[in-house]
Amino acid sequence: MKEVRVVICGDQGVGKSSLISALIQEDNVTAIPKVFPIVSIPPDPKLNDDVSLVLVDTQSGSNERDYLASQLRKANVLCLVYSDNYSYERVSIFWLPYFRSLGINVPIVLCANKSEDLDNYQGLHSIEHEMVPLINEFKEIESCILCSALEKVNVNELFYICRSCVIYPIIPLWETKEKKLKNVAVDALSRIFFLSDKNNDDLLSTTELTHLSEKCFGKQLSEEEAEDIVNTVQEVFPNGVVDGQLNRAGFLVYNQIQIENGKQESTWGILRAFHYTDSLCLDDSYLSPKLEVAPGQSVELSPKGYRFLVDLFYRFDRDNDGALNDDELSELFRYTPGLPETWIHSKFPNSTVLNEHGFASYNGWIAQWSMITLFDYKTTLAYLAYLGFDSEGRGHVTDALKVTKKRSIQHRRVSKYDRNVFLCFVVGSAGCGKTSLLSSFINKSPHRVSDDLIPNTVVNSVEFQSRQRYLVLSEIGEKDLDILAKPKSLDACDVLCLLYDSSNPNSFSFIANLLGRYPALQKIPCVFAATKADLDRQQQRYPVQPDEFTKQLGLPSPTHISTSAIWNTSKDFFIQIAESAQFPASSIIQIPDENSNKINYQLVVALTAFGALLLSVGGSLAWKIVRHRNMFKR
């Protein structure tokens, strides 16, 4: 339970204890103690919250100064009371400077007590008028009120204001001197307007206002109440209303009117319904909710998550061309920190499928989110929060994701993995066509993109067995091969694509030797491919030719592919990669049992480990070993 601690202070005799007595006693005030003990008032059910009120009475004598200072430092709000000309002057001469000297930084409510005898204020032409200079000089003064403890005038209102100053603080919202909303409040309310504008016409209709009220306050506005809001803005700021609907400026003006009328709880009700804290930042627990992900598990978008992103795409594809251009993307991410850093690092939009004008297509948009969720689901959670996933009753933002079933890191020889997004490492010697393969996957020519914009990781959808999956291809260059020795990286990899250039006789030895250099690769599904199939095929300078090599490892022969514009045969190959990831049993190197014949496998492993050495000795020795191997077969 939260509590609001109110410290009542002021000169001797201004009626501090009388105010407390008037609040807690129903009968007329008679015997009042010199100082009340600390009073705790339980939450008021009518206020529909769980906040109690703690009242701390104080004395102003010099011998009580240490106790006063200690209580002031514990306060959530100060109620500073005066009751005549002298105590009024002391507000600015002593009390407010004293608070500042203690480093007190809490709201202050200024209370003019004993209003039943206005003679006490002789010389003060207007109490309201006299309070304005104080408010202008001391911004910590959040509110002022005229009271009478004797006649119980505005006593309940005084402590309600004290309570509201803490629960619904005006300082984060309002520039007192300029009498306008602070920039952070404008930004927060603008985002709420953006999320509430469901048809994306930059206006809030009475229907959208009703939905907003239901979300924030749990009740629908009547048509008359919604129209009253529009009319109120119309009277004050006609430019804020268009065709009987509020534009963004009108929505801001309405909240400004509420604050100026002392009804900032209305604005805070809206802000908190959209997870804003008192500092007008989105709550950390909202942006970064807990999601339990164990080793061997991955994170994907759930059907709800995909549905939200589909709706978002069509909402901002204003020209209906099936793609999001730069302006549409800018508008979509307007009320977020901007394009996610992980997207920038992936060189979006070049990391996914584009239309003929170079803009992210519908498929590319969904594929990009699928890839980033696989790599960094925490970023996806934060951005789904910024974009208002939960604003229409879709549930908690974590409902946009799903955690896949745990996969055994050591034993991957299973019949099927129930996943929809797969990561493939593409490995091969320099010049074998890795970059061209990635570009072909997203239907793009690498020659049309400058080198600094060519991504080393791309994503696209593949369809097989009447279902759509997403395949992420990540190129592993020769300088990055150490990644193959890192268990965490290999755990994330669903399948290896091992490429060699069939027109280059020295290409195959590179990937063959990798299996000996990095034994952990033997536990990952592998797909071999011979690139540049449109060129003349060359005999590989390796003791075992590719077909025989894969056969002895229990794997399918290399698939011959070409990514040339004339003879592009890579489309079916991408399906083969995805199938090997989902159904890995047939793509994992077959290591014989202890009781089976190991001769062939051991020989292949030996050739893999020492292939480079054999090649350096000379081709004739290599062919002798091949003939020797054939003797074993006979």
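# A guided tour, starting from one loop

Begin by selecting Lys532, which sits in the loop between S19 and helix H20 (546–552). Bear in mind throughout that this is a predicted model. Lys532 is not a glycine, yet its phi is positive, at about 55°. Most residues other than glycine have a negative phi. How buried or exposed is Lys532? With a relative accessibility of 27%, Lys532 counts as partly exposed.

**The sheet S16-S17-S15-S18-S19-S20**

Now colour the strands around that loop. S19 belongs to an open sheet of six strands, ordered S16-S17-S15-S18-S19-S20, with mixed pairing. At its edges you will find strand S16 (457–464) and strand S20 (559–560), each of which pairs on one side only.

Go to the S16 edge and display the backbone. Strands of a sheet pair through backbone hydrogen bonds, either parallel or antiparallel. In which sense do S16 and strand S17 (residues 467–476) pair? They are antiparallel, with eight bridges between them. To see one facing pair, pick Phe464, which stands opposite Arg467 in S17.

Next, add helix H21 (residues 571–582). H21 lies across strand S15 (421–428), S16, S17, strand S18 (495–501), strand S19 (526–531) and S20. Its direction makes an angle of about 85° with S16.

**The sheet S2-S3-S1-S4-S5-S6**

Jump to the other six-stranded stop. Here the order is S2-S3-S1-S4-S5-S6, again an open sheet with mixed pairing. Strand S2 (39–41) and strand S6 (141–146) are the edges; each has a single partner strand, so one side of each lacks a neighbour in the sheet. From one strand to the next, the twist averages 20°.

Zoom in on strand S4 (residues 77–82) and strand S5 (residues 108–112): they run parallel and are joined by five bridges. Val81 makes a good landmark here, standing opposite Cys111 in S5. Then bring in helix H3 (residues 85–101), which lies across strand S1 (2–10), S4, S5 and S6 and runs at about 155° to S4.

**From S6 to helix H5**

Follow the chain out of S6 and select Asn154, in the loop between S6 and H5. Here is another positive phi in a residue other than glycine, near 65°. Asn154 has a relative accessible area of 29%, so it is partly exposed.

A little further on, pick Leu158, in helix H5 (residues 155–167). Is Leu158 buried or exposed? Its relative accessible area is 0%, and therefore Leu158 is buried. Show its surroundings: leaving aside residues up to four places away in sequence, Leu158 touches Leu19, Cys79, Val109, Cys111, Ile145 and Cys147. Cys111 is the residue you met opposite Val81. You can also draw a C-alpha to C-alpha distance from Leu158 to Leu146: they are 8.5 Å apart in space and twelve residues apart in sequence.

**Two helix pairs**

Two packed helices are described by the angle between their axes and the distance between the axes. For the first pair, select helix H7 (residues 206–217) and helix H10 (residues 264–273), whose axes are 8 Å apart and pack at an angle of about 80°. H7 is therefore roughly perpendicular to H10. Show side chains for Lys215, Cys216 and Phe217 of H7, and for Ser266, Gly269, Ile270 and Ala273 of H10, which make the contact. By class, this contact of H7 with H10 has four nonpolar, two polar and one charged residues.

For the second pair, start with helix H15 (residues 362–375). Its 14 residues reach 20 Å from the first C-alpha to the last, close to the 20 Å expected at 1.5 Å a residue. H15 is mostly covered, with twelve of its 14 residues buried; among them are Trp365, Trp369 and Met371.

Now add helix H16 (residues 377–386). The axes of H15 and H16 come within 5 Å, crossing at roughly 125°, which means that H15 is oblique to H16. Trp369, Ile372, Thr373 and Phe375 of H15 meet Tyr377, Thr380 and Tyr383 of H16. What classes of residue make up the contact of H15 with H16? There are five nonpolar, two polar and no charged residues.

**Last stop: a cis peptide bond**

Finish by selecting Pro349, in the loop between helix H14 (341–345) and strand S13 (360–361). The peptide bond joining Phe348 and Pro349 is cis, with omega at about 10°. Most peptide bonds are trans.

Technical notes. Residues numbered from 1 in each chain as written. Predicted model: local features only at pLDDT ≥ 70, side-chain atom pairs only at ≥ 80, totals over all residues. Heavy atoms only, no water. Pairing = 2+ DSSP bridges. Helix = DSSP H or I, 4+ residues; strand = E, 2+ residues; numbered from the N terminus. Contact = heavy atoms within 4.5 Å. Axes fitted to C-alpha atoms, helices over the stretch in contact; angles between N-to-C directions. Parallel < 35°, antiparallel > 145°, perpendicular 65-115°, else oblique. Nonpolar A, V, L, I, M, F, W, Y, C, P; charged D, E, K, R; others polar. Expected span 1.5 Å × (residues − 1). Buried < 20%, exposed > 50% of the residue type's maximum accessible area, 1.4 Å probe, protein only.
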